[in-house]
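Colleague: I'm new to this structure and would love a guided tour of a single part. Please pick one helix, look closely at how it sits among its neighbours, and then show me a little of what lies elsewhere.

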Amino acid sequence: MKRLVSLVIALLAICGLLAYTSHQLERTSGSTGAKVLNLYNWGDYIDPSLLTKFQKETGYHVNVETFDSNEAMYTKINQGGTHYDLAVPSEYMVTKMKRAHLLKPLDKRRLTNWQNFDPQFLNQSFDRGNRYSMPYFWGTLGIVYNDKFVKASQVQHWQDLWSPQFRDKIMLIDSARDIMGMSLVTLNKSMNTTNPATLLAAERKLNQLAPNVKAIVADEIKMYMTQNEAPLAVDWSGEAAEMLANNPHLHYVVPSEGSNLWIDNLVIPKTAQHTDAIYAFLNFMSQPENAAQNAAYIGYATPNRQAKALLPKAIRNDRQFYPTQTTIKHLQVYQDLSPAKVALYNDRYLEFKMHH
């Protein structure tokens with residue numbers, strides 16, 4: 001009898017361990033419960049109070065897991081074993097995920113607020129017809145300047161950065177595609193060119209900029225600029241928004257001759273399991289008042305034109321983050337390039353960094 005009791009206890013212990021292990025796996029790769037939504041998002045990229053509101057209105061509990069790069073997100077989903085219902089890739093990564101058959105198409109019949117989106121952020125080259133993606137936020141690459149050291153009139157165009165007056169004064173975001181792209185625009189070339197001769201010319205142009213470059217850094221650029229460590233920086237609008245919020249002397253410029261237009265999107269991974277929760281969330285987040293609240297919290301530009309209309313005038317009329325149509329027409333969306341073509345950019349960029 002004791003042996004039987006011991007056996008039962010052992011079996012219960014094993015069952016408990018298996019249940020715990022299953023629970024842990026669900027926590028790390030998406031819960032499969034019926035009333036949940038598993039969101040795979042960038043860190044701090046949604047207003048937490050909106051999640052609370054969504055859960056209260058719909059009864060769906062939102063599990064959020066974060067990533068710090070498109071590549072990390074892609075790798076995890078591509079490896080399998082996850083059950084994310086929604087992910088938030090940038091434009092070029094949407095193309096890559098489509099090609100790898102990692103996405104489910106959107107059922108537009110279930111999307112009740114599609115008309116709220118500004119058409120200029122729809123039907124982009126990375127997903128014609130928005131078959132797989134719904135725009136979430138958008139932004140640009142531009143110039144951050146400190147008015148304690150630099151006048152606005154001195155930095156309205158990319159070419160201005162090459163001025164001898166800015167020797168050892170510029171911080172660059174460490175991004176091959178963006179810094180090479182900036183150089184390409186000054187040469188009146190496409191930011192998506194794969195012509196080796198053109199990319200070599202862009203590198204040589206950057207080499208001429210080298211004396212003006214104080215440092216090439218990543219996230220630290222925000223700290224340096226906020227603390228007045230440098231007069232100028234080249235960075236993304238989202239990062240710039242954070243800098244400007246912490247230092248009133250900082251300003252952001254999108255050169256009118258052209259720059260990058262990035263668009264982050266909501267997509268449905270092919271292993272998603274909670275269809276009703278997915279469409280409830282997409283419809284919730286595309287309601288004007290919710291999209292406006294999210295944009296005000298995050299500080300990035302919303303592609304939802306009805307939401308933009310609800311934002312304070314100081315935000316929606318801010319040309320730093322909502323540039324004029326003339327400028328927008330000259331913005332370029334990055335195309336997803338093959339590994340060999342990406343290597344061309346990386347090689348030329350690394351040569352520049354060595355020169356610097």
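Modeller: Happy to! A residue is called buried when its relative accessible area is under 20%, exposed when it is over 50%, and partly exposed in between. Proline 48 is a friendly first case: its relative accessibility is 44%, so it counts as partly exposed. This proline belongs to helix 2, and helix 2 leads us to the part I would like to show you, helix 10. Please keep in mind that the model is predicted.

Helix 2 covers residues 48–58 and helix 10 covers residues 288–298; their axes come within 9 Å and cross at roughly 155°. An angle over 145 degrees counts as roughly antiparallel, and that is why helix 2 is described as roughly antiparallel to helix 10. On the side of helix 2, the residues that meet helix 10 are Pro48, Ser49, Leu50 and Lys53. Their partners in helix 10 are Glu289, Asn290, Gln293, Asn294 and Tyr297. Proline 48 and tyrosine 297 are 249 residues apart along the chain, yet 9.4 Å separates their C-alpha atoms.

Now for helix 10 itself. Its buried residues include Pro288, Asn290 and Asn294, along with Ala291, Ala292, Ala295 and Ile298. Asn290 and Asn294 therefore appear in two roles, being buried and also meeting helix 2. The buried residues of helix 10 pack against helix 2, but also against strand 5 (133–146), helix 9 (275–285) and helix 11 (305–310). After helix 10 comes glycine 299, with a positive phi near 95°.

Helix 9 deserves a visit of its own. Eight of its 11 residues are buried, so the rest of the structure largely encloses helix 9. Those buried residues are Ala277, Ile278, Tyr279, Phe281, Leu282, Asn283, Phe284 and Met285. They pack against helix 2 and helix 10, and against four strands as well: strand 1 (36–42), strand 3 (86–87), strand 5 and strand 10 (259–269).

Strand 5 points us to the loop between strand 4 (103–104) and strand 5, where asparagine 130 is found. Although asparagine 130 is not a glycine, its phi is positive, about 45°. Its relative accessibility is 4%, so asparagine 130 counts as buried. Asparagine 188 also has a positive phi, near 60°, but at 73% relative accessibility it counts as exposed. You will find asparagine 188 in the loop between helix 5 and helix 6 (196–209).

Helix 5 spans residues 176–186 and includes threonine 186, which counts as buried because its relative accessibility is 19%. Beyond its neighbours within four places in sequence, threonine 186 contacts Trp158, Gln159, Trp162 and Lys205.

Stepping back, the protein has 14 helices and 11 strands, and 51% of its 356 residues count as buried. Among contacts between residues at least 6 apart in sequence, 76% join residues at least 24 apart.

Definitions and conventions
Residues are numbered from 1 along each chain as its sequence is written. This is a predicted model: local features need pLDDT of at least 70, side-chain atom pairs count only at pLDDT 80 or more; totals for chains, interfaces and linings use all residues. Side-chain values use heavy atoms; hydrogens and water are left out. Buried means under 20% relative accessible area, exposed over 50%, partly exposed in between (1.4 Å probe, protein chains only). Contact means heavy atoms within 4.5 Å. Axes are lines fitted to C-alpha atoms, for helices over the stretch in contact, and angles run from 0 to 180 degrees between N-to-C directions. Angles under 35 degrees count as roughly parallel, over 145 as roughly antiparallel, 65 to 115 as roughly perpendicular and the rest as oblique.
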